[in-house]
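The paragraphs below lead a new reader through one protein model, taking its aromatic rings as the point of entry. Please keep the sequence and the structure in view while reading.

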Amino acid sequence: MMLWIAEFEDTEEQATSTSFKLIVNEFKNAVNLTHVEWLRLARADSIKFYSDLSNPDDFTEIAMTQKGWPKVVPSNIQGCNLLWQKLLKQPLQVIHKNIIVKYQNNTCIFQLNSQQQLSYQVNNGQVDYINSGVKDAFQ
């Protein structure tokens, strides 16, 4: 039984890690899509971000920076939470673990645990994934 529990915990940790990495890719894709839409709309102050193209009424308005990246409004943790919701339309949680949000130097940091985090730099739209120790089959 103890062997099964240890194996289950390791499997759950790997599944959580892989799920977070997939979310990072979704976030990065959403940031890039908003930038492309901003370019398409001749550098608009805001864009409509559609989560379902078959439903034209299902969109979120996203404020954009002058360089064409999603703004964090307000410029704090709450703004990071709102941006996450607008881009991903999902809770700040992976499997059974909550994501911790921080804001510093125009950067949103979404941290799954002490080793994995996503950072979004508002000034240049850069999205980074940091994994400093969790076993990850994709890294």
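This is a predicted model, and a search through the whole of it finds six aromatic pairs. One of them joins Phe 20 and Tyr 129, whose ring centres are 6.3 Å apart and whose planes meet at 50°, so the pair is tilted. Phe 20 belongs to helix H1 and Tyr 129 to strand E8, and the pair thereby links distant parts of the chain, 109 residues apart. Phe 20 has a relative accessibility of 0% and counts as buried, and Tyr 129, with a relative accessible area of 18%, is buried as well, because the limit for that word is under 20%.

A second pair is formed by Phe 27 and Phe 110, with ring centres 5.6 Å apart and planes at 55°, so that this pair too is tilted. Since Phe 27 lies in helix H1 and Phe 110 in strand E6, the pair ties together parts of the protein that are 83 residues apart in sequence. Both Phe 27 and Phe 110 are buried, and ring pairs join these two residues with Trp 84 and Tyr 120 into a cluster.

To place these rings, it helps to step back to the whole chain. The protein has two helices and eight strands, and along the sequence they follow the pattern α-β-β-α-β-β-β-β-β-β. Of its 139 residues, 37% are buried. Among the contacts in the protein with a separation of 6 or more, 46% are between residues 24 or more positions apart.

In soluble globular proteins, nonpolar side chains tend to be buried together. In this model the largest nonpolar core holds 30 residues, of which Phe 27, Trp 84, Leu 87, Phe 110 and Tyr 120 touch the most other members. Two or more residues come from each of helix H1 (2–40), strand E1 (46–50), helix H2 (77–88), strand E6 (107–111), strand E7 (116–121) and strand E8 (127–131), and the largest share, seven residues, comes from H1. The surroundings of Phe 27 can be listed in detail: apart from neighbours within four places in sequence, Phe 27 is in contact with Leu 83, Trp 84, Leu 87, Leu 88, Phe 110, Leu 118, Tyr 120 and Val 127.

Helix H1 offers another residue to follow, namely Thr 34. At 0% relative accessibility, Thr 34 counts as buried, and, with residues up to four places away in sequence set aside, Thr 34 touches Ile 47, Phe 49, Ile 62, Met 64, Pro 70 and Leu 87.

Helix H2 can be examined from its start to its end. At its start, a side-chain oxygen of Asn 76 comes to within 3.0 Å of the backbone nitrogen of Gln 78. The 12 residues of H2 should span 16 Å at 1.5 Å a residue, and this agrees with the 16 Å that separate its end C-alpha atoms. Within the helix, Gly 79, Cys 80, Leu 83, Trp 84, Leu 87 and Leu 88 are buried. Viewed down the axis of H2, these buried residues fall within an arc of 140°, and therefore they line one face of the helix. Just after H2, Lys 89 adopts a positive phi of about 50°.

The backbone has further features to look for in the loops. In the loop between strand E2 (59–63) and H2 lies Pro 74, and the peptide bond that leads from Val 73 to Pro 74 is cis, with omega near -5°. Arg 43, in the loop between H1 and E1, has a positive phi of about 65° although it is not a glycine, and at 54% relative accessibility Arg 43 counts as exposed. Asn 106 is found in the loop between strand E5 (100–104) and E6, where its phi is near 60°, again a positive value in a residue other than glycine. With a relative accessible area of 34%, Asn 106 is partly exposed.

Technical notes
Residues numbered from 1 in each chain as written. Predicted model: local features only at pLDDT ≥ 70, side-chain atom pairs only at ≥ 80, totals over all residues. Heavy atoms only, no water. Core = buried A, V, L, I, M, F, W, Y, C linked by side-chain atoms within 4.5 Å. Buried < 20%, exposed > 50% of the residue type's maximum accessible area, 1.4 Å probe, protein only. Helix = DSSP H or I, 4+ residues; strand = E, 2+ residues; numbered from the N terminus. Contact = heavy atoms within 4.5 Å. Expected span 1.5 Å × (residues − 1). Arc of directions from axis to C-beta. Polar contact = N/O pair within 3.5 Å; in protein donor to acceptor, adjacent residues only side chain to side chain. Phe/Tyr/Trp six-rings, centres within 6.5 Å; stacked < 30°, edge-to-face > 60°.
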